[in-house]
Each structure stands twice: as C-alpha cells, then as structure tokens.
Amino acid sequence: EKGGFDHFMLKEIYEQPSVIKDTYRGRLLANKGIIKLGGLEDYIEKFTNADRIIIVACGTSWHAGLVAEYIFEDLARIPVEVEYASEFRYRNPIITEKDVVIAISQSGETADTLAAIKLAKEKGAFVYGICNVVGSTISRETHSGTYTHAGPEIGVASTKAFTTQITVLTMIALKLAKVKGTISHSDYMLHLRELETIPAKVEEALQSDAHIKVIAEEFKNARNFLYLGRGYNFPVALEGALKLKEISYIHAEGYPAAEMKHGPIALIDEEMPVVVIAVNSNHYEKVVSNIQEIKSRAGRIIAVVTEGDTLVKEMADYIMEVPHTPESLTPLVTTIPLQLLSYHIAVMLNRNVDQPRNLAKSVTVE
Ligand code: F6R
C-alpha cells in the first residue's frame, strides 16, 4: 500500500503533482478564466463584504494559513489575521457578524480548531472550512467549505495536505480578487494558467531528490538548523523547520530572514546549517544580503533557488533548484525540497518517519 515507496511520507510527497491536480480539477478552468468552487459560490458576498478574514488552524495547517494571508491581502485586498486556534479560543477574541473565519484542518478533527469554530459561530461569524477528510467533524460544523482532494494522508508529518490547502486558498483568493476587481484581467489569467502548471513544476522539483539526499548526508549530524525566508516564503521556512523537528528530532527554527539580525544571528557558526529560501522574487536582493551576513560568520548555507540562478549558487554551500513561478505561487514549489531534505535526514538517522514519537495524526484533545 506504500506503492513501492519505503514510507508513506515519501509516497505522499511524490503524490503531490497528482493531488494538486485533483484539488483544482473541475474547479479551475484556466482557458475560460473560470474558478468555480461549489462551497463558495453562494457565499461570495460574505467574503467581499467582510471587514476581515480570520484564519484559525494548528501546526502545518496554520502555516498554510500564513501563506494565505499573503495571497489574500496581496491579490484580494482583504485584511487577514492568522491565529493559532488554541490561542484564539481562549483569548476572549473580538469577533462579529462582519467577520469571516476560515478554519483549515487536514483531519477535520483537531480539538482546538473545532472549539475555535464553535466560538466564532456563537459570535455570529460566517465560518468556512478547508478540510481533507470528507465528512469530518470540522467539515460538518462549518457553514460551508471546500475539500482538498489530497486523498488519505497516513504519514503523521503533513505534506500533501499542506500543498493542497494552499491550492484551495489560492483559488479562493483569485476568485475573490476577480469579483472585487482588485486584480487586472491579465494578471488573473496569468495566475490561473500558472496554477495549472504547478503539478508539472512540483514534478520537476522532485527530480532533485538524489541531489537532496547528498545534502542530507552532509548535514544529518547537525544539532540545530535555522530556516529563513521572506514574504510568501516566510511560512515555508516555518514549515521546513517543523518538518525537520517532527521526523528527525533535530532542533530547527524558522524565521523571517530579516529578523535574523534581531537575535538568531548570534547562533550562527560553522556548526549551524542555515536553509535559506532565495528564489527570484521582490525580496531576492535582500535575501542575498542575508546570505552574505551568514557567510561572513562562517555559517553553512543550503539555498532553495530558482532554476538558473547564478548569484546565490556562488555563495551557498549547496543549492536546491525549483522551477520559476510567480511569487505568489512559489510556496507550492519551494516546500518540496524542504520536505525531501527532512525525509532523508530522518531516514538516515533511523527515525520512525511515518510515526514519530509523541505525535498523533489527529489531535483530538487540547
Ligand atoms: C505537522 C502536523 C501537525 C498538524 C496539526 C493540525 O506535520 O501534522 O502540525 O498539521 O496537528 O492538524 P489538522 O490539519 O488535522 O487540523
């Protein structure tokens, strides 16, 4: 049932091209310029009239929510707040009928996310769910929603759920941007066409697997890792660090690259690998200067770069290439090498990759 793979996690990483396609199939009609999400059609005004969107989730799903914050604000110009469900529910939060709450959950059973939904509903907010497990509690407790079509995710570490969640959130943002008129027609069409090419680009990113294994071998004995990214790729840095922690038990921290000089830079030495997401984007030059700062402190750099990059390639100790894509879609490709890096390090350290110690696939207690 692992389809020839050694672990469910690896199988699920490799399924991403096809499940991303499953997630947009019938919903994204790029040639016709149409996005059609069944659960959204009747509620578009709830979103366009909302004062703000509050996203509630935990763990990896919370990271998908952070990516969505960038997409929604950038494309649809709707203010977004992203909350850990556990913090939100106990904070006596200010929620009104003018708020839309999006709950993201692979399992649809996470206790804190469920409690946050109930609270939001009591306060009169409209609650939209993005779940993977069909018929799950959260999918039933929300007013409406969209399923990711990732198929069963068995590995405890979430991989394909994350990229399909981002796929759904991107479609919602593009749909709202189009309705609100906050995106030009040509930019909208470009994004639709580009989203359709993501499965092929993920496939291409997976081809670096053998090279990533070499990098894993080199760094598997490090005690600490730092992951840095900016903008859309800041949440990807957090997710990369979480994946490494969960399955390899190596301490890792994700940071917005610019925050490095406000503290974490003190940690950098030759013992501390730094994974930097340095793809072509608005932030490229700034990330390059962050890399220089790390190099001058003898830090070792593993950089995720856009194919054909030469500048970062010269500075980094190792690079992991991903195909070029518009900045707002980069998390869908930059995530891939980081999943593989964690996977290979964990396997080399003989960890129980699919069932890491102390972790459960769905956290139904708070
Ligand atoms: C990370 C991981 C957890 C879950 C979190 C939320 O790999 O598996 O952090 O993402 O427990 O779970 P769901 O999405 O089921 O609500």
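Rings of Phe, Tyr and Trp count as a pair if their centres lie within 6.5 Å. In the predicted model described here, ring pairs of this kind link Tyr43, Phe47, Phe126 and Tyr128 into a cluster. A search of the whole structure finds 9 aromatic pairs. In one of them, Trp62 and Tyr84, the ring centres are 3.8 Å apart and the planes meet at 15°; the pair is therefore stacked, since planes under 30 degrees apart are classed in this way. Trp62 belongs to helix 5 (residues 59-76) and Tyr84 to strand 4 (residues 80-84), so that the pair links distant parts of the chain, with the two positions 22 residues apart. The two residues were also assessed for burial. Trp62 has a relative accessible area of 11% and is buried, whereas Tyr84, at 39%, is partly exposed.

Strand 4 is also part of an open sheet. This sheet holds 5 strands in the order 4-3-5-6-7, and the pairing is parallel. Strand 4 and strand 7 are at the edges; each has a single partner strand, so one side of each has no neighbour in the sheet. From one strand to the next, the twist averages 20°. Within the sheet, strand 5 (residues 99-105) and strand 6 pair in the parallel sense over 6 bridges, and Val101 stands opposite Val127 in strand 6. Helix 5, which carries Trp62, packs on this sheet and touches strand 3 (52-57), strand 4 and strand 5. The direction of helix 5 makes about 175° with that of strand 4. Helix 7 (residues 111-122) lies across strand 3, strand 5 and strand 6, and runs at about 165° to strand 5.

At the other edge, strand 6 (residues 126-131) is joined to strand 7 by 4 bridges, and the two run parallel. Ile130 stands opposite Thr146 in strand 7. The side chains of strand 7 (residues 144-147) alternate along its length. Ser144 and Thr146 point to one face and are buried, while Gly145 and Tyr147 point to the other face and are not buried.

A second sheet was examined next. An open sheet of 5 strands has the order 9-8-10-11-12, again with parallel pairing. Its edge strands are strand 9 (251-256) and strand 12 (318-322), each of which pairs on one side only. Neighbouring strands of this sheet are turned by 20° against each other on average, direction ignored. Strand 8 (residues 224-229) runs parallel to strand 9 and is joined to it by 6 bridges; Leu226 stands opposite Glu253 in strand 9. Helix 11 (residues 209-219) packs on the sheet, where it touches strand 8, strand 10 (273-277), strand 11 (300-306) and strand 12. The direction of helix 11 makes about 150° with that of strand 12.

In helix 2 (residues 16-24), the buried residues are Gln16, Pro17, Val19, Ile20, Thr23 and Tyr24. These buried residues pack against helix 1 (8-14), strand 1 (28-29), helix 9 (160-180), helix 10 (185-206) and helix 15 (331-348). Helix 2 is followed by Gly26, which has a positive phi, near 75°.

Charged side chains over aromatic rings were also found. Lys178 lies over the face of Tyr188, at 5.0 Å from the ring centre. Arg357 lies over the face of Tyr249, at 3.8 Å from the ring centre.

Definitions and conventions:
Residues are numbered from 1 along each chain as its sequence is written. This is a predicted model: local features need pLDDT of at least 70, side-chain atom pairs count only at pLDDT 80 or more; totals for chains, interfaces and linings use all residues. Side-chain values use heavy atoms; hydrogens and water are left out. Rings of Phe, Tyr and Trp (its six-membered ring) pair if their centres lie within 6.5 Å; planes under 30 degrees apart count as stacked, over 60 as edge-to-face and the rest as tilted. Buried means under 20% relative accessible area, exposed over 50%, partly exposed in between (1.4 Å probe, protein chains only). A charge sits over a ring if NZ of Lys or CZ of Arg is within 6 Å of the ring centre and within 35 degrees of the ring normal. Two strands pair if DSSP finds at least two bridges between them. Contact means heavy atoms within 4.5 Å. Axes are lines fitted to C-alpha atoms, for helices over the stretch in contact, and angles run from 0 to 180 degrees between N-to-C directions.
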